[in-house]
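Here's a quick tour of how the pieces of this model fit together. Have the viewer open as you read.

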Number of protein chains: 2
Amino acid sequence: MANKKSSIYQPLTESDAIALAKRLQLFDEKSQLTCNEIGDGNLNLVFRVVNSENNESVIIKQALPYAKVVGESWPLTLDRSRIETNALIKQSEFVPNLVPKVYYSDEALAITIMEDLSHLQIARAALIDGKNLPLLSKHIGEFLGKTLFYTSDYGLDQHYKKELVKQFINPDLCKITEDLVFTDPFFNHDTNEYEAELQPDVDQIWEDQALKLEVAKLKHLFLTKAEALVHGDLHTGSIFADETETKVIDPEFAYFGPIGFDIGQVFANLLLNALSKDTEKQDILFDHIEETWEVFVAEFSKAWKEDAIETFASVEGYLEYVLSEIFEESVGFAGCEVIRRTIGLARVADIEGIEPKEKRLLTKQLALQVGSELIKNRKSIKTPKEIKNYTKQPVNF
Amino acid sequence: MANKKSSIYQPLTESDAIALAKRLQLFDEKSQLTCNEIGDGNLNLVFRVVNSENNESVIIKQALPYAKVVGESWPLTLDRSRIETNALIKQSEFVPNLVPKVYYSDEALAITIMEDLSHLQIARAALIDGKNLPLLSKHIGEFLGKTLFYTSDYGLDQHYKKELVKQFINPDLCKITEDLVFTDPFFNHDTNEYEAELQPDVDQIWEDQALKLEVAKLKHLFLTKAEALVHGDLHTGSIFADETETKVIDPEFAYFGPIGFDIGQVFANLLLNALSKDTEKQDILFDHIEETWEVFVAEFSKAWKEDAIETFASVEGYLEYVLSEIFEESVGFAGCEVIRRTIGLARVADIEGIEPKEKRLLTKQLALQVGSELIKNRKSIKTPKEIKNYTKQPVNF
């Protein structure tokens, strides 16, 4: 399953990466190239190849046939490299300035060569550092509005869209999300991890049949709703940013799924960062949540009015209905993401880094409560402002 | 688009069909075979090859690279033959007695060789003739319950299901449904056809923004909801039956779509037959509608309890929620089907055959009214019995 191309595939070394860059003439012939592997070694090799004379550089990313997570090694399809390359190329049709440029790809070697974004910082780290990233939500709202509208049946030839659905069938990476976001955190599963003191709160989630029924519905949407080409892993760790630039990276989880999934992950990861901050520093995050939604709505609506190919697009109330359904689902997906990032396998530095422990536990309790309420109340929550209100309640677990 | 395999493909003649049957050793070597082409020539060639000594027979069905509809010729992908064969084989895993056996297929020639069902009658014709087909709804309910559960994420390995989704991407035939069921009848489109006297009633549909908003939502479900491998064209003309046997044929529109689409088409075509009958003869059709739903629920629930692979399947209320959502969507899809079969391109003999014209016009007015109400009221309709009530109201167009 993991590696259909084992006869050709092999992991590159740093000197292989330099040789490849030369062979592809990505630099002047006489350039002095240096290379460092800068990945975290969990999923991919990431080589930064630099021309030491003028500092021009590229990133050579190569998928590894396994994932190292908390010490374990899971086999993981190399096909995700094809998905990532094709998603980047498709997204660049609509938001060329918000994704890294792709220079070259090789499916058999599971390689994508792309723009070096080392001058930017991962948004999660920047937000933890207290940076404002003033254009983050404007850019992410634009990314969401354009990539999701123009790959949906509202904005894309419906025949061609089906061919794209086929091209982006992504079972292995979808399975990770189905398990780690939508299933394991809601059952006593050995991938979960949390402080022993949280057990009563976690038990409450596992025993809450009404909550689990709503999660089941959201999971079914993730499994079945082929609405648009979603990024599929759009947390703040998949965004490079600084004060003026934003780039969305790593779309290896891309597939045709519900539009609200991407938006919900953005909401949730901004919310988790807010929860990790003192009250007076939270508003900037809630403002980012609001602005992400507002810009998404503006971009999606503009695209709808200018470029909708769906005959029913002009029917009174249809756009408003679509947006309200997307919002409701976004809120529900955000709730799932908040819970899984608190007690599941892949937790976040925003929350894990809170000291002292007592404060961290209280924050996690609040996160579990907010996550549950977003899921259960998603039909009555109508604006992103209301999301903030849920974080202001006393923890009642 | 229509024919990627033109270098190999060519339409068979009757003697080609006999030669093929011999080459494949479908009959004893010394058999005297005769062959008749019995198709209606619109979409497919259908050869019936018979051993005149013992009356053993097979059907050789070959897709044509075009569709003849009302005199026009539309290019139509030969790939539908692959879809049909694969759907029949997949369905036969769950309901071997309710689909024709497949003996052989050839993708390049767009050929499927299958069980001869000439001893049965097309259900639409039988119902028009006033036959009861006492087991029709029991069998169709079983077909629906089993094929739809076991190809959904509730009952099928979720990884394998995605591979099947890919295999059954079916853009050309889905497009026909998107246009002829969900779009054209709701707009002034040249595929529509109806008596001039119906224009005020048709105008009312075209001007009804609330109705069109609901149709837009249902169309979007058809475009995006990859819930199970649906037959995709499950009207009474796709069913062979007699008093004891039922066989579902012609799944060339099969794709992963909403479960309610198949159920809705069954409801609608039984309903249209009921509308064509005098009052005292309608109950048998409404009973079929009720029993189809009841047997579907029983089969789907049994499969859920015995074979569900979804972790959330045991959550309180989940099965009930899933069934209520399927019913709601079935009612809405039934409404669309009733309307398109009344004024769209592919109307039905049940209604078209009503004489005198005044009676036919009244029936069509009622059909348009019932179809609209099913679409608009689908959330409040909770049982198939209520569908009948809508046909008992005075026509208020």
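What follows goes from the pairing of the chains, through their interface, to the domains and salt bridges inside chain A.

## How the two copies are related

First things first: this is a predicted model. Two copies of a chain are related by a rotation about an axis and a shift along it. Here, chain B lands on chain A after a turn of 180° with 0.0 Å of shift along the axis, and the RMSD of that superposition is 0.0 Å. The two copies are therefore related as by a two-fold rotation axis. Both copies also use the same surface for the job, since 100% of the contact residues of chain B turn up again in chain A.

## Where chain B meets chain A

The head count is even: 40 residues of chain B touch 40 residues of chain A. Together the two chains bury about 3,700 Å², and 68% of that sits on carbon and sulfur atoms. On the chain B side, the residues that lose the most area to chain A are Lys162(B), His220(B) and Phe312(B), which together make up 17% of what that side buries.

There's a polar side to this interface too. The rule picks out four salt bridges between chain B and chain A. Take Glu310(A), which forms a salt bridge with Lys219(B), with 2.9 Å between the closest N and O atoms. Between the chains there are also 14 residue pairs in polar contact, both residues being at pLDDT 80 or more.

Which elements give two or more residues to the side of chain B that touches chain A? They are helix H5 (158–167), helix H6 (171–180), helix H8 (209–224) and helix H11 (318–343) of chain B. H8(B) gives the most, with ten residues. By residue type, that side of chain B splits into 18 nonpolar, eight polar and 14 charged.

## Two domains in chain A

Now for the inside of one copy. Chain A is divided into domain 1 (14–115) and domain 2 (121–390), and their C-alpha centres lie 27 Å apart. Their contact draws 24 residues from domain 1 of chain A and 28 residues from domain 2 of chain A.

The two domains of chain A bury about 2,300 Å² between them, 68% of it on carbon and sulfur atoms. Which three residues supply more than any other three of the area that domain 1 of chain A buries against domain 2? That trio is Ile83(A), Phe94(A) and Leu98(A), with 27% of the area.

Two salt bridges cross between the domains of chain A. Glu252(A) pairs with Arg80(A) in a salt bridge, the closest N and O atoms being 3.6 Å apart. Polar contacts across the same domain interface come to five residue pairs, both residues at pLDDT 80 or more. On the side of domain 1 of chain A that touches domain 2, helix H2 (residues 79–94) gives the most, with ten residues. That side is made up of 13 nonpolar, five polar and six charged residues.

## Salt bridges overall

Side chains of opposite charge can pair when their charged atoms come close. Over all chains, the structure holds 66 salt bridges.

One of them joins Lys359(A) and Asp278(A), at 3.4 Å from N to O. Lys359(A) is in helix H13 (residues 357–376) of chain A, while Asp278(A) is in the loop between helix H9 (259–275) and helix H10 (283–307) of chain A, so this pair ties together parts that are 81 residues apart in sequence.

Note on methods:
Residues are numbered from 1 along each chain as its sequence is written. Chains are lettered from A and ligands numbered from 1 in the order in which they are written. This is a predicted model: local features need pLDDT of at least 70, side-chain atom pairs count only at pLDDT 80 or more; totals for chains, interfaces and linings use all residues. Side-chain values use heavy atoms; hydrogens and water are left out. Copies are superposed by least squares on the C-alpha atoms of residues with pLDDT of at least 70 in both. Contact means heavy atoms within 4.5 Å. Domain bounds come from an automatic or database domain assignment. Buried area is the accessible area (1.4 Å probe) that two parts lose on being put together, summed over both. A salt bridge is a side-chain nitrogen of Lys or Arg within 4 Å of a carboxyl oxygen of Asp or Glu. A polar contact is a pair of N or O atoms within 3.5 Å; within protein, one must be able to donate a hydrogen and the other to accept it, and residues adjacent in sequence count only if both atoms are side-chain atoms. Helices (H or I, at least four residues) and strands (E, at least two) are DSSP runs, numbered from the N terminus. Ala, Val, Leu, Ile, Met, Phe, Trp, Tyr, Cys and Pro count as nonpolar, Asp, Glu, Lys and Arg as charged, and the others, Gly among them, as polar.
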